[in-house]
Amino acid sequence: NTAAGLKAAAASDVDQITGHRRMRRTRIAEWSRRLTRETRLTVDDLIWPIFIIPGTNVLEPIDAMPGVSRMSVDKAVEAAKMAADLGIPALATFPNVEMEHRDQTGSYALEADNLINRATRAIKKEVPQIGIITDVALDPFTDHGHDGVLRNGEIVNDETVRIIAAAAVHQADAGADIIAPSDMMDGRIGAIRQALDAAGHQSVGIMSYATKFASALYGPYREAIGTSGLLKGDKRTYYLDPANATEAIRDAGLDVEEGADMLMVKPGLTYLDICRALKDTYGLPVFAYQVSGEYSMVKAGAAAGYIDGERVMMEKLLAFKRAGCDGVLTYFAPEAARQLAKGGW
Ligand code: PBG
(Lines give C-alpha, C1' and ligand atoms only; values in the text may rest on other atoms or scores of the structure.)
Protein backbone atom coordinates (compact mmCIF):
# COMPACT_ATOMS: atom_id res chain seq x y z
CA ASN A 1 0.00 0.00 0.00
CA THR A 2 0.94 3.66 -0.36
CA ALA A 3 2.06 4.33 3.20
CA ALA A 4 4.35 1.32 3.28
CA GLY A 5 5.75 2.18 -0.10
CA LEU A 6 6.55 5.76 0.94
CA LYS A 7 8.18 4.53 4.14
CA ALA A 8 10.40 2.16 2.19
CA ALA A 9 11.28 4.87 -0.29
CA ALA A 10 12.16 7.32 2.51
CA ALA A 11 14.73 4.85 3.69
CA SER A 12 16.64 5.31 0.47
CA ASP A 13 18.48 8.56 1.02
CA VAL A 14 18.75 10.38 -2.32
CA ASP A 15 21.61 12.53 -1.06
CA GLN A 16 23.52 9.41 -0.23
CA ILE A 17 22.94 8.10 -3.74
CA THR A 18 23.82 11.35 -5.50
CA GLY A 19 26.58 12.34 -3.08
CA HIS A 20 24.81 15.71 -2.83
CA ARG A 21 25.33 16.26 -6.54
CA ARG A 22 22.11 17.90 -7.64
CA MET A 23 22.01 18.59 -11.35
CA ARG A 24 18.66 20.31 -11.09
CA ARG A 25 19.89 23.32 -9.05
CA THR A 26 20.93 25.28 -12.11
CA ARG A 27 17.69 24.45 -13.91
CA ILE A 28 15.30 25.81 -11.31
CA ALA A 29 14.97 29.42 -12.46
CA GLU A 30 14.98 31.08 -15.85
CA TRP A 31 17.80 33.48 -14.83
CA SER A 32 20.01 30.55 -13.95
CA ARG A 33 19.09 28.60 -17.07
CA ARG A 34 20.14 31.68 -19.04
CA LEU A 35 23.42 31.97 -17.15
CA THR A 36 24.36 28.35 -17.74
CA ARG A 37 23.23 28.02 -21.36
CA GLU A 38 26.14 26.59 -23.36
CA THR A 39 25.07 27.21 -26.92
CA ARG A 40 23.25 30.09 -28.50
CA LEU A 41 21.61 30.69 -31.80
CA THR A 42 21.83 34.27 -33.04
CA VAL A 43 20.88 36.01 -36.23
CA ASP A 44 24.60 35.95 -37.13
CA ASP A 45 24.26 32.19 -37.66
CA LEU A 46 21.70 32.37 -40.45
CA ILE A 47 22.15 32.07 -44.21
CA TRP A 48 18.93 32.38 -46.21
CA PRO A 49 18.56 30.32 -49.42
CA ILE A 50 16.26 31.98 -51.98
CA PHE A 51 14.90 30.91 -55.38
CA ILE A 52 15.09 33.21 -58.40
CA ILE A 53 12.84 33.09 -61.48
CA PRO A 54 12.70 35.18 -64.66
CA GLY A 55 10.32 38.12 -65.02
CA THR A 56 9.48 41.12 -62.92
CA ASN A 57 7.20 41.50 -59.94
CA VAL A 58 6.65 37.74 -59.65
CA LEU A 59 6.26 35.82 -56.43
CA GLU A 60 5.41 32.19 -57.05
CA PRO A 61 4.60 30.06 -54.00
CA ILE A 62 6.27 26.64 -53.96
CA ASP A 63 3.66 23.97 -53.14
CA ALA A 64 6.05 21.64 -51.39
CA MET A 65 7.58 24.43 -49.27
CA PRO A 66 4.83 26.31 -47.41
CA GLY A 67 5.85 29.94 -46.88
CA VAL A 68 8.60 29.89 -49.55
CA SER A 69 8.22 31.52 -52.97
CA ARG A 70 10.28 31.79 -56.13
CA MET A 71 11.05 35.45 -56.74
CA SER A 72 11.87 37.52 -59.78
CA VAL A 73 15.08 39.52 -59.48
CA ASP A 74 13.34 42.75 -58.38
CA LYS A 75 11.51 40.83 -55.64
CA ALA A 76 14.76 39.16 -54.61
CA VAL A 77 16.27 42.63 -54.15
CA GLU A 78 13.37 43.51 -51.84
CA ALA A 79 13.86 40.25 -49.98
CA ALA A 80 17.56 40.98 -49.63
CA LYS A 81 16.75 44.38 -48.12
CA MET A 82 14.37 42.76 -45.67
CA ALA A 83 16.98 40.15 -44.76
CA ALA A 84 19.63 42.81 -44.22
CA ASP A 85 17.23 44.77 -42.01
CA LEU A 86 16.66 41.64 -39.96
CA GLY A 87 20.44 41.29 -39.57
CA ILE A 88 20.80 38.13 -41.67
CA PRO A 89 24.45 38.08 -42.83
CA ALA A 90 24.13 36.27 -46.16
CA LEU A 91 21.89 34.85 -48.88
CA ALA A 92 22.34 31.70 -50.95
CA THR A 93 20.75 31.97 -54.38
CA PHE A 94 19.27 29.26 -56.62
CA PRO A 95 17.76 29.79 -60.07
CA ASN A 96 14.73 28.23 -61.72
CA VAL A 97 15.34 28.87 -65.41
CA GLU A 98 13.11 28.33 -68.44
CA MET A 99 13.29 24.94 -70.13
CA GLU A 100 14.76 26.52 -73.27
CA HIS A 101 17.88 27.35 -71.22
CA ARG A 102 18.43 23.75 -70.13
CA ASP A 103 20.55 21.34 -72.17
CA GLN A 104 22.77 18.29 -71.94
CA THR A 105 25.85 20.16 -70.64
CA GLY A 106 24.23 23.00 -68.68
CA SER A 107 25.68 25.60 -71.05
CA TYR A 108 23.51 28.41 -69.63
CA ALA A 109 25.78 28.25 -66.55
CA LEU A 110 28.47 29.79 -68.75
CA GLU A 111 26.43 32.81 -69.80
CA ALA A 112 27.83 35.82 -68.01
CA ASP A 113 24.44 37.49 -67.80
CA ASN A 114 22.31 34.47 -66.90
CA LEU A 115 19.52 34.63 -64.33
CA ILE A 116 21.66 33.87 -61.30
CA ASN A 117 24.33 36.41 -62.23
CA ARG A 118 21.71 39.09 -62.95
CA ALA A 119 20.28 38.46 -59.47
CA THR A 120 23.73 38.80 -57.89
CA ARG A 121 24.39 42.08 -59.71
CA ALA A 122 21.04 43.55 -58.76
CA ILE A 123 21.29 42.56 -55.10
CA LYS A 124 24.90 43.72 -54.78
CA LYS A 125 23.96 47.08 -56.25
CA GLU A 126 21.04 47.74 -53.92
CA VAL A 127 22.07 45.83 -50.79
CA PRO A 128 25.88 45.75 -50.84
CA GLN A 129 26.16 44.87 -47.16
CA ILE A 130 24.65 41.40 -47.51
CA GLY A 131 26.86 38.44 -48.43
CA ILE A 132 25.98 36.44 -51.54
CA ILE A 133 26.73 32.76 -51.82
CA THR A 134 26.13 31.20 -55.22
CA ASP A 135 25.78 27.50 -55.99
CA VAL A 136 27.70 26.36 -59.08
CA ALA A 137 26.30 22.89 -59.75
CA LEU A 138 24.81 22.38 -63.21
CA ASP A 139 21.45 20.88 -62.16
CA PRO A 140 19.40 24.08 -62.69
CA PHE A 141 20.74 24.23 -66.26
CA THR A 142 20.72 20.62 -67.48
CA ASP A 143 17.73 19.07 -69.22
CA HIS A 144 18.26 15.87 -67.20
CA GLY A 145 18.49 17.48 -63.74
CA HIS A 146 21.91 16.07 -62.88
CA ASP A 147 24.66 18.25 -61.43
CA GLY A 148 27.09 17.53 -64.25
CA VAL A 149 27.44 16.60 -67.88
CA LEU A 150 25.65 13.36 -68.73
CA ARG A 151 27.25 11.14 -71.39
CA ASN A 152 26.25 7.53 -72.04
CA GLY A 153 24.46 7.38 -68.71
CA GLU A 154 27.48 8.67 -66.79
CA ILE A 155 28.05 12.00 -65.06
CA VAL A 156 31.44 12.90 -66.49
CA ASN A 157 33.73 14.27 -63.79
CA ASP A 158 36.50 16.29 -65.42
CA GLU A 159 34.46 17.95 -68.14
CA THR A 160 31.95 18.98 -65.47
CA VAL A 161 34.71 20.40 -63.29
CA ARG A 162 35.97 22.59 -66.14
CA ILE A 163 32.48 23.97 -66.78
CA ILE A 164 31.86 24.58 -63.11
CA ALA A 165 35.17 26.40 -62.65
CA ALA A 166 34.36 28.70 -65.58
CA ALA A 167 30.83 29.28 -64.27
CA ALA A 168 32.30 30.19 -60.89
CA VAL A 169 34.37 32.94 -62.50
CA HIS A 170 31.22 34.43 -64.07
CA GLN A 171 29.53 34.31 -60.69
CA ALA A 172 32.46 36.07 -59.06
CA ASP A 173 32.52 38.66 -61.88
CA ALA A 174 28.86 39.35 -61.09
CA GLY A 175 29.75 40.03 -57.46
CA ALA A 176 29.31 36.74 -55.62
CA ASP A 177 31.27 36.75 -52.36
CA ILE A 178 31.40 33.00 -51.90
CA ILE A 179 31.19 30.21 -54.45
CA ALA A 180 29.50 27.07 -53.16
CA PRO A 181 29.90 24.04 -55.41
CA SER A 182 27.23 21.45 -54.62
CA ASP A 183 28.00 18.91 -57.34
CA MET A 184 30.40 16.53 -55.51
CA MET A 185 32.72 16.10 -58.51
CA ASP A 186 36.32 15.22 -57.60
CA GLY A 187 38.87 18.01 -57.85
CA ARG A 188 36.38 20.84 -58.21
CA ILE A 189 37.57 22.89 -55.25
CA GLY A 190 41.13 23.08 -56.54
CA ALA A 191 39.95 23.84 -60.06
CA ILE A 192 37.59 26.60 -58.89
CA ARG A 193 40.33 28.12 -56.69
CA GLN A 194 42.78 28.18 -59.61
CA ALA A 195 40.21 29.68 -61.98
CA LEU A 196 39.16 32.36 -59.49
CA ASP A 197 42.75 33.32 -58.74
CA ALA A 198 43.66 33.45 -62.43
CA ALA A 199 40.74 35.83 -62.95
CA GLY A 200 41.87 38.09 -60.10
CA HIS A 201 39.23 36.90 -57.64
CA GLN A 202 41.61 36.08 -54.80
CA SER A 203 39.15 37.45 -52.23
CA VAL A 204 36.22 35.34 -53.34
CA GLY A 205 35.84 32.42 -50.97
CA ILE A 206 34.78 28.82 -51.46
CA MET A 207 32.23 27.14 -49.25
CA SER A 208 32.42 23.51 -50.23
CA TYR A 209 29.36 21.34 -50.05
CA ALA A 210 32.04 18.98 -48.81
CA THR A 211 29.82 16.26 -47.50
CA LYS A 212 26.69 16.06 -49.53
CA PHE A 213 24.72 12.89 -49.09
CA ALA A 214 22.45 11.10 -51.54
CA SER A 215 19.39 12.04 -49.52
CA ALA A 216 15.65 11.81 -50.00
CA LEU A 217 15.31 15.14 -48.19
CA TYR A 218 15.96 17.25 -51.32
CA GLY A 219 12.53 16.50 -52.80
CA PRO A 220 10.84 19.89 -52.29
CA TYR A 221 13.92 21.76 -53.60
CA ARG A 222 13.67 19.90 -56.87
CA GLU A 223 10.13 21.17 -57.25
CA ALA A 224 11.40 24.66 -56.40
CA ILE A 225 13.98 24.74 -59.20
CA GLY A 226 11.89 22.65 -61.58
CA THR A 227 14.08 19.56 -61.81
CA SER A 228 11.83 16.98 -60.14
CA GLY A 229 10.19 15.90 -63.38
CA LEU A 230 13.49 15.91 -65.27
CA LEU A 231 15.80 13.85 -63.10
CA LYS A 232 16.47 10.41 -64.53
CA GLY A 233 17.81 7.95 -62.02
CA ASP A 234 19.41 9.25 -58.85
CA LYS A 235 22.61 10.95 -57.74
CA ARG A 236 24.22 8.03 -55.94
CA THR A 237 27.16 7.81 -58.35
CA TYR A 238 28.45 11.15 -57.08
CA TYR A 239 26.81 12.08 -53.75
CA LEU A 240 27.90 10.31 -50.55
CA ASP A 241 26.21 7.18 -49.25
CA PRO A 242 24.19 8.12 -46.13
CA ALA A 243 25.82 5.15 -44.39
CA ASN A 244 29.39 6.45 -44.71
CA ALA A 245 30.95 8.78 -42.14
CA THR A 246 34.64 7.91 -42.57
CA GLU A 247 34.43 8.40 -46.32
CA ALA A 248 32.70 11.75 -45.74
CA ILE A 249 35.54 12.95 -43.52
CA ARG A 250 38.15 11.86 -46.10
CA ASP A 251 36.23 13.60 -48.87
CA ALA A 252 36.06 16.84 -46.87
CA GLY A 253 39.81 16.54 -46.20
CA LEU A 254 40.53 16.71 -49.93
CA ASP A 255 38.43 19.86 -50.19
CA VAL A 256 40.41 21.39 -47.34
CA GLU A 257 43.70 20.52 -49.10
CA GLU A 258 42.40 21.97 -52.36
CA GLY A 259 41.63 25.28 -50.70
CA ALA A 260 38.08 25.31 -49.33
CA ASP A 261 37.55 28.20 -46.91
CA MET A 262 34.41 26.77 -45.33
CA LEU A 263 32.80 23.35 -45.25
CA MET A 264 29.16 22.45 -45.52
CA VAL A 265 27.26 19.39 -44.38
CA LYS A 266 24.09 18.58 -46.27
CA PRO A 267 21.43 17.63 -45.26
CA GLY A 268 21.73 18.87 -41.69
CA LEU A 269 19.88 17.15 -38.91
CA THR A 270 20.46 13.58 -40.07
CA TYR A 271 24.22 14.27 -40.26
CA LEU A 272 25.05 16.03 -36.97
CA ASP A 273 27.80 13.48 -36.34
CA ILE A 274 29.50 14.68 -39.53
CA CYS A 275 29.17 18.33 -38.46
CA ARG A 276 30.95 17.56 -35.21
CA ALA A 277 33.61 15.44 -36.90
CA LEU A 278 34.43 18.09 -39.53
CA LYS A 279 34.66 20.83 -36.92
CA ASP A 280 36.93 18.78 -34.66
CA THR A 281 39.05 17.41 -37.52
CA TYR A 282 39.67 20.52 -39.64
CA GLY A 283 38.78 23.53 -37.48
CA LEU A 284 37.41 25.37 -40.52
CA PRO A 285 34.07 27.18 -40.34
CA VAL A 286 31.39 24.51 -40.78
CA PHE A 287 27.85 25.14 -41.97
CA ALA A 288 24.88 22.80 -42.06
CA TYR A 289 22.33 23.03 -44.83
CA GLN A 290 18.92 22.40 -43.32
CA VAL A 291 17.46 21.29 -46.62
CA SER A 292 14.03 21.62 -48.14
CA GLY A 293 12.67 18.32 -46.81
CA GLU A 294 13.76 19.21 -43.29
CA TYR A 295 11.97 22.54 -43.59
CA SER A 296 8.79 21.19 -45.13
CA MET A 297 8.42 18.43 -42.53
CA VAL A 298 8.32 21.03 -39.75
CA LYS A 299 5.78 23.08 -41.68
CA ALA A 300 3.61 20.03 -42.37
CA GLY A 301 3.80 18.81 -38.79
CA ALA A 302 2.86 22.24 -37.47
CA ALA A 303 0.00 22.63 -39.97
CA ALA A 304 -1.40 19.27 -38.87
CA GLY A 305 -1.20 20.40 -35.26
CA TYR A 306 1.19 17.60 -34.31
CA ILE A 307 4.04 19.85 -33.17
CA ASP A 308 4.68 23.45 -32.13
CA GLY A 309 6.38 24.57 -35.36
CA GLU A 310 8.10 27.60 -33.88
CA ARG A 311 9.70 25.73 -31.01
CA VAL A 312 10.70 22.78 -33.19
CA MET A 313 12.30 25.22 -35.65
CA MET A 314 14.38 26.82 -32.90
CA GLU A 315 15.32 23.50 -31.33
CA LYS A 316 16.54 22.12 -34.64
CA LEU A 317 18.54 25.24 -35.47
CA LEU A 318 20.14 25.17 -32.04
CA ALA A 319 21.12 21.53 -32.54
CA PHE A 320 23.43 22.58 -35.39
CA LYS A 321 25.24 25.01 -33.11
CA ARG A 322 25.59 22.34 -30.43
CA ALA A 323 27.07 19.97 -33.02
CA GLY A 324 29.83 22.47 -33.78
CA CYS A 325 28.41 24.37 -36.74
CA ASP A 326 29.21 28.05 -37.17
CA GLY A 327 25.93 28.64 -38.94
CA VAL A 328 23.03 27.17 -40.88
CA LEU A 329 21.62 27.59 -44.35
CA THR A 330 17.91 27.56 -43.63
CA TYR A 331 14.64 28.52 -45.29
CA PHE A 332 13.55 29.51 -41.79
CA ALA A 333 16.10 32.35 -41.70
CA PRO A 334 13.68 35.33 -41.73
CA GLU A 335 11.25 33.59 -39.38
CA ALA A 336 14.02 32.58 -36.99
CA ALA A 337 15.55 36.09 -37.15
CA ARG A 338 12.19 37.57 -36.14
CA GLN A 339 11.85 35.14 -33.24
CA LEU A 340 15.38 35.87 -32.07
CA ALA A 341 14.73 39.60 -32.21
CA LYS A 342 11.74 39.11 -29.92
CA GLY A 343 14.01 37.40 -27.44
CA GLY A 344 13.33 34.58 -25.04
CA TRP A 345 15.27 31.91 -26.91
C1 PBG B 1 22.08 20.25 -56.28
C2 PBG B 1 21.43 20.89 -55.11
C3 PBG B 1 20.58 20.20 -54.24
C4 PBG B 1 20.11 21.13 -53.31
C5 PBG B 1 20.73 22.35 -53.59
N6 PBG B 1 21.55 22.19 -54.72
C7 PBG B 1 20.25 18.76 -54.18
C8 PBG B 1 19.64 18.11 -55.33
O9 PBG B 1 18.73 18.61 -55.96
O10 PBG B 1 20.09 17.00 -55.59
C11 PBG B 1 19.12 20.81 -52.25
C12 PBG B 1 18.66 21.91 -51.35
C13 PBG B 1 17.44 21.58 -50.57
O14 PBG B 1 16.89 20.47 -50.62
O15 PBG B 1 17.00 22.48 -49.85
N16 PBG B 1 23.13 20.89 -56.84
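This passage looks at how helices α9 and α10 pack together, and then at the surroundings of Gly293. The structure is a predicted model.

Two packed helices are described by the angle between their axes and the distance between the axes. Here the pair is α9, made of residues 246-258, and α10, made of residues 272-282, with axes that come within 10 Å and cross at roughly 45°. The two helices are therefore oblique to each other, and their crossing is right-handed. On the α9 side, the contact is built from Ala248, Ile249, Ala252 and Val256, while α10 brings in Ile274, Ala277, Leu278, Thr281 and Tyr282. Sorted by class, that makes 8 nonpolar residues and 1 polar one, with no charged residues in the contact.

What about the buried part of α10? It consists of Ile274, Cys275, Ala277 and Leu278. Helix α9 is one of the elements covering these buried residues, and the cover also includes strands β9 (205-212), β10 (262-266) and β11 (286-290), along with helix α12 (309-322). Just past the end of α10 comes Gly283, with a positive phi near 70°.

Further along the chain, Gly293 sits in helix α11, which spans residues 292-303. Is this glycine buried, exposed or something in between? Gly293 has 19 C-beta neighbours inside 10 Å, and because a residue needs 20 or more to be buried, it counts as partly exposed. Leaving aside residues up to four places away in sequence, Gly293 touches Ala216, Leu217, Tyr218, Gly219 and Pro220. With Ala216, the C-alpha separation is 7.8 Å, although the two residues are 77 residues apart along the chain.

Technical notes: Residues numbered from 1 in each chain as written. Predicted model: local features only at pLDDT ≥ 70, side-chain atom pairs only at ≥ 80, totals over all residues. Helix = DSSP H or I, 4+ residues; strand = E, 2+ residues; numbered from the N terminus. Buried ≥ 20, exposed ≤ 12 C-beta atoms within 10 Å, placed from the backbone. Contact = placed C-beta atoms within 7 Å. Axes fitted to C-alpha atoms, helices over the stretch in contact; angles between N-to-C directions. Parallel < 35°, antiparallel > 145°, perpendicular 65-115°, else oblique. Left-handed = near helix turned anticlockwise from the far one by under 90°. Nonpolar A, V, L, I, M, F, W, Y, C, P; charged D, E, K, R; others polar.
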